[in-house]
Amino acid sequence: MSIVINTPTSNIGSVLTQILVDAGEPVTLISRNPAKVSALAARGARVVEGDISDRATLDRAFNGATALFWLTPPLYQPDFHAASVNLAKTAASAAQAAGLRHAVVLSSIGAQHGRGTGPVNPLGDIERALAAAVPNTVALRAGFFMENILRDAATIGGQGAVYNPLPPDVKFPMVATRDIGARAASYLLCRSWSGHHLAGAYGPKDISWSEAARIMSQELGKPVQHVQVTLDQVRQGMTQAGMPGFVIDMYVEMYDGIIKGLLNPSEPRTPEFTTPTSLAQFTREVLRPALSR
């Protein structure tokens with residue numbers, strides 16, 4: 001009776017898969033390219049080739065399964081909200097038909113608000129779709145991914161700066177994706193829990209962008225500053241980079257939502273929701289090597 005992982009090659013899914021395989025858990029991996037998970041298949045993972053939007057693929061993967069990890073991949077299309085929710089509803093229907101008992105659904109801080117949060121918009125609906133179909137679910141509402149800082153590698157390396165429209169001294173949860181994978185694993189390895197739950201993955205402590213800049217400066221051995229820009233400047237920069245208008249609108253809405261407090265956690269920080277990887281450790285182990293490439 002296996003645990004199905006729908007995104008085994010993602011930053012989070014790959015960590016989760018490795019933990020489960022190391023623990024001897026039977027896993028089923030859905031992959032459009034089985035070659036990418038061949039090492040895991042060699043260790044006993046069952047691989048179902050196909051697309052997660054295809055009901056027949058999901059039916060094959062869910063056959064004989066008891067649990068599911070569901071991560072909705074970014075759907076960069078004009079109707080991303082509807083497409084994301086419809087994808088989750090397809091998975092929910094297949095999970096219910098297969099009789100799955102447990103699911104961990106990757107979500108985000110701010111999912112409680114829905115509209116006004118950009119790419120986070122559909123996650124509340126996705127949580128509810130899976131919860132309606134699977135008797136026992138955890139919606140894992142993660143903080144800001146530390147890996148998102150890698151998008152700023154060029155300006156950190158070239159200009160010693162991170163540019164965004166967020167207030168420099170407002171603190172928020174920042175978490176490494178490997179810790180999110182480990183949190184998901186903790187729920188899937190011990191499935192004695194029941195009912196529907198909201199859980200956090202928040203990093204060691206809330207930090208601000210000004211503090212983040214100080215930490216990166218110290219660990220990189222060079223000055224890094226946070227430069228607050230306007231939403232109009234963000235829009236202009238994305239436009240000059242050639243990004244589609246609907247993607248620009250999505251991210252400008254997200255930044256505006258953060259400024260308005262719509263992406264604050266709804267669940268208070270607890271020891272259970274506090275994860276170990278600090279920004280200093282992430283900078284040493286991930287960001288600094290990325291800047292040297």
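Buried is taken here as under 20% relative accessible area and exposed as over 50%, with partly exposed in between. These classes are applied below to a predicted model, beginning with its aromatic side chains.

A search of the whole structure finds five aromatic pairs. In one of them, Phe144 and Phe172 meet edge-to-face, with 5.8 Å from centre to centre and 85° between the planes. This pair links distant parts of the chain: Phe144 belongs to strand E7 (residues 144-145), while Phe172 lies in the loop between strand E8 (161-164) and strand E9 (174-175), 28 residues apart. Phe144 has a relative accessible area of 25% and is therefore partly exposed. Phe172, at 16%, is buried. Another edge-to-face pair is formed by Tyr187 and Trp193, at 6.1 Å centre to centre and 85° between the planes. Tyr187 counts as buried, with 10% relative accessibility, and Trp193 is buried too, with a relative accessible area of 15%. A cluster also emerges from the aromatic side chains, made up of Phe144, Phe172 and Trp209.

Attention turns next to charged side chains. The structure holds twelve salt bridges. Among them is the one between Arg55 and Asp59, whose closest N and O atoms are 2.8 Å apart. Arg55 and Asp59 are four residues apart in helix H3 (residues 55-62), so about one helical turn separates them. Arg55 is partly exposed, with a relative accessible area of 31%, and Asp59 is partly exposed at 34%.

A further salt bridge joins Arg141 to Glu127, again with the closest N and O atoms 2.8 Å apart. Here distant parts of the chain are linked, as Arg141 sits in strand E6 (residues 136-142) and Glu127 in helix H5 (residues 123-133), 14 residues apart. Arg141 and Glu127 are both buried. Asp206 and Arg269 also meet in a salt bridge, with an N to O distance of 2.6 Å. Their positions are 63 residues apart: Asp206 is in the loop between strand E10 (196-201) and helix H8 (209-220), and Arg269 is in the loop between helix H10 (245-259) and helix H11 (279-291). Asp206 counts as partly exposed at 30% relative accessibility, as does Arg269 at 31%. Through shared partners, salt bridges join Glu127, Arg141 and Glu267 into one network.

Asp179 presents another case. This residue is placed in helix H7 (residues 177-189). Asp179 is buried yet has no salt bridge, and the nearest side chain of opposite charge, that of Arg178, is 4.6 Å away. A salt bridge requires a side-chain nitrogen of Lys or Arg within 4 Å of a carboxyl oxygen of Asp or Glu. Once neighbours within four places in sequence are left aside, Asp179 is in contact with Thr275, Pro276 and Thr277.

Helix H1 offers a check on geometry. With 1.5 Å a residue, the twelve residues of H1 (residues 11-22) should span 16 Å, and the end C-alpha atoms, 17 Å apart, agree with this. The buried residues of H1 are Ile12, Gly13, Leu16, Thr17, Leu20 and Val21. These buried residues cover an arc of only 150° around the axis, which means that they lie on the same side of H1. An α-helix has 3.6 residues a turn, so residues three or four places apart point the same way. Following H1 comes Gly24, with a positive phi near 85°.

Methods:
Residues numbered from 1 in each chain as written. Predicted model: local features only at pLDDT ≥ 70, side-chain atom pairs only at ≥ 80, totals over all residues. Heavy atoms only, no water. Helix = DSSP H or I, 4+ residues; strand = E, 2+ residues; numbered from the N terminus. Expected span 1.5 Å × (residues − 1). Buried < 20%, exposed > 50% of the residue type's maximum accessible area, 1.4 Å probe, protein only. Arc of directions from axis to C-beta. Phe/Tyr/Trp six-rings, centres within 6.5 Å; stacked < 30°, edge-to-face > 60°. Lys, Arg positive; Asp, Glu negative; His and termini not counted. Contact = heavy atoms within 4.5 Å.
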